Amino acid sequence: MILAIASGKGGTGKTTVAVNLARTVPGGVRLLDCDVEEPNCHIFLRPTVDTAEAVTVPVPVVDVARCTACGECGRICQYHAIVSLKTEPLVFPEMCHGCGGCARVCPAGAITEVPREVGSVEVGRANGVGFVRGVLRVGEAMSPPVIRAVRRHAAAEGLTIIDAPPGTSCPVIAAIRDSDFVVLVTEPTPFGLNDLRLAVETVRELRLLFGVVVNRADAGDGRVLDYCRSEGIPVLLQIPEDRRIAEAYSRGEAAVDALPQCRALFLQLYEEVCRTV
């Protein structure tokens, strides 16, 4: 089963849920940190990294001697990564999505593609949990290629947990697409409710099964629960406001390690998901 942990906004406790769930569920679990712009699951798991591989995207290179400056390459590119103004084409590698369209339409065969490194994927283990994380290179604008590379490490059997990026944009879609279930982590605040609505619209558009976890449940008001009730959305777990959990987080410790009684909460969450899938 592929279980994605997502949220409409950052800071709701998405990584907390992903890490503690991975540390709680019995049997083989693989945790994929797809928040490649700011991965932080490793802080709590402290994994041993066994292998690392570069992630590349193909970008065009123009053979000036063969180029006729026809402009076909620029016309097909929707991202303006290659531009020809009746001159030798200008290539902007950072904007290229690696679709290969420019090379296909070039009538002179003047365009070839070379790999450009945009990030890396690290694979290891920590306390019996298989761990994979992606790291986007500083200054890169597109994280989906790295996220897709991490997703390719999903386990063929057992449970794979995905710590998705926050928000509802392209990186989130790349992380949660084709998941068996999505857990949306929110907080009982006006901001939490607003972004939960956006996240719900996103997973419904993707036709994915999902439920909600309310973090710091007794620190706000009841509007999130009212919204879930009105929309028929299952509330899988309510995590109480507990200073000890926050203190463990600040020390880089998983809540289930610092407070063993928390294991029952996350085991309950896993059982609720299994009953739904």
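Let me start with aromatic pairing, where this predicted model holds one aromatic pair. The two rings belong to Phe44 and Tyr249, and because their centres are 4.9 Å apart and their planes meet at 40°, the pair is classed as tilted. In sequence the partners are 205 residues apart, with Phe44 in helix H2, residues 41-45, and Tyr249 in helix H9, so the pair links distant parts of the chain. Are these two residues buried, or partly exposed? Phe44 has a relative accessible area of 9%, which falls under the 20% cut-off and therefore makes this residue buried, whereas Tyr249, at 38%, lies between the 20% and 50% limits and is partly exposed.

From Phe44 we can move to Ala254, a residue in the loop between H9 and helix H10, which spans 255-258. Once its neighbours within four places in sequence are set aside, Ala254 is in contact with Val19, Asn20 and Phe44. Its relative accessibility is 4%, and so Ala254 counts as buried. For a sense of scale, Ala254 and Tyr79 are separated by 175 residues in sequence and, from C-alpha to C-alpha, by 42 Å in space.

Tyr249, the other member of the ring pair, takes us to the largest pocket, since Tyr249 is one of the five lining residues that lie nearest the pocket's centre, together with Gly11, Thr12, Gly13 and Thr16. The lining comprises 26 residues in total, and the volume of the pocket is about 500 Å³. Which helix supplies the largest share of that lining? It is H9, with four residues, while helix H1 (14-24), helix H9 (243-250) and helix H11 (263-276) each supply at least two. Sorted by class, the lining has ten nonpolar, nine polar and seven charged residues.

Let me turn now to the nonpolar cores. In soluble globular proteins, nonpolar side chains tend to be buried together. The largest nonpolar core here has 49 residues, and the members that touch the most others are Ile176, Val182, Leu184 and Leu196. Helix H7, residues 190-205, gives this core its largest share, which is five residues. Taking Leu184 as an example, and again leaving out neighbours within four places in sequence, its contacts include Leu196, Ala199, Val200 and Val203, as well as Ala6 and Phe210. There is also a second, separate core of 35 residues, among them Leu31, Ala126, Phe266 and Tyr270.

Note on methods:
Residues are numbered from 1 along each chain as its sequence is written. This is a predicted model: local features need pLDDT of at least 70, side-chain atom pairs count only at pLDDT 80 or more; totals for chains, interfaces and linings use all residues. Side-chain values use heavy atoms; hydrogens and water are left out. A nonpolar core is a set of buried Ala, Val, Leu, Ile, Met, Phe, Trp, Tyr and Cys residues joined through side-chain atoms within 4.5 Å. Buried means under 20% relative accessible area, exposed over 50%, partly exposed in between (1.4 Å probe, protein chains only). Contact means heavy atoms within 4.5 Å. On a 1 Å grid over the protein atoms alone, a cavity is a set of points where a 1.4 Å probe fits but cannot get out, and a pocket is an open set with protein on both sides within 12 Å along at least five of seven lines; lining residues have an atom within 4 Å of a point. Grid points are joined across faces, edges and corners, and a volume is the space filled by probe spheres set on the points. Ala, Val, Leu, Ile, Met, Phe, Trp, Tyr, Cys and Pro count as nonpolar, Asp, Glu, Lys and Arg as charged, and the others, Gly among them, as polar. Rings of Phe, Tyr and Trp (its six-membered ring) pair if their centres lie within 6.5 Å; planes under 30 degrees apart count as stacked, over 60 as edge-to-face and the rest as tilted.
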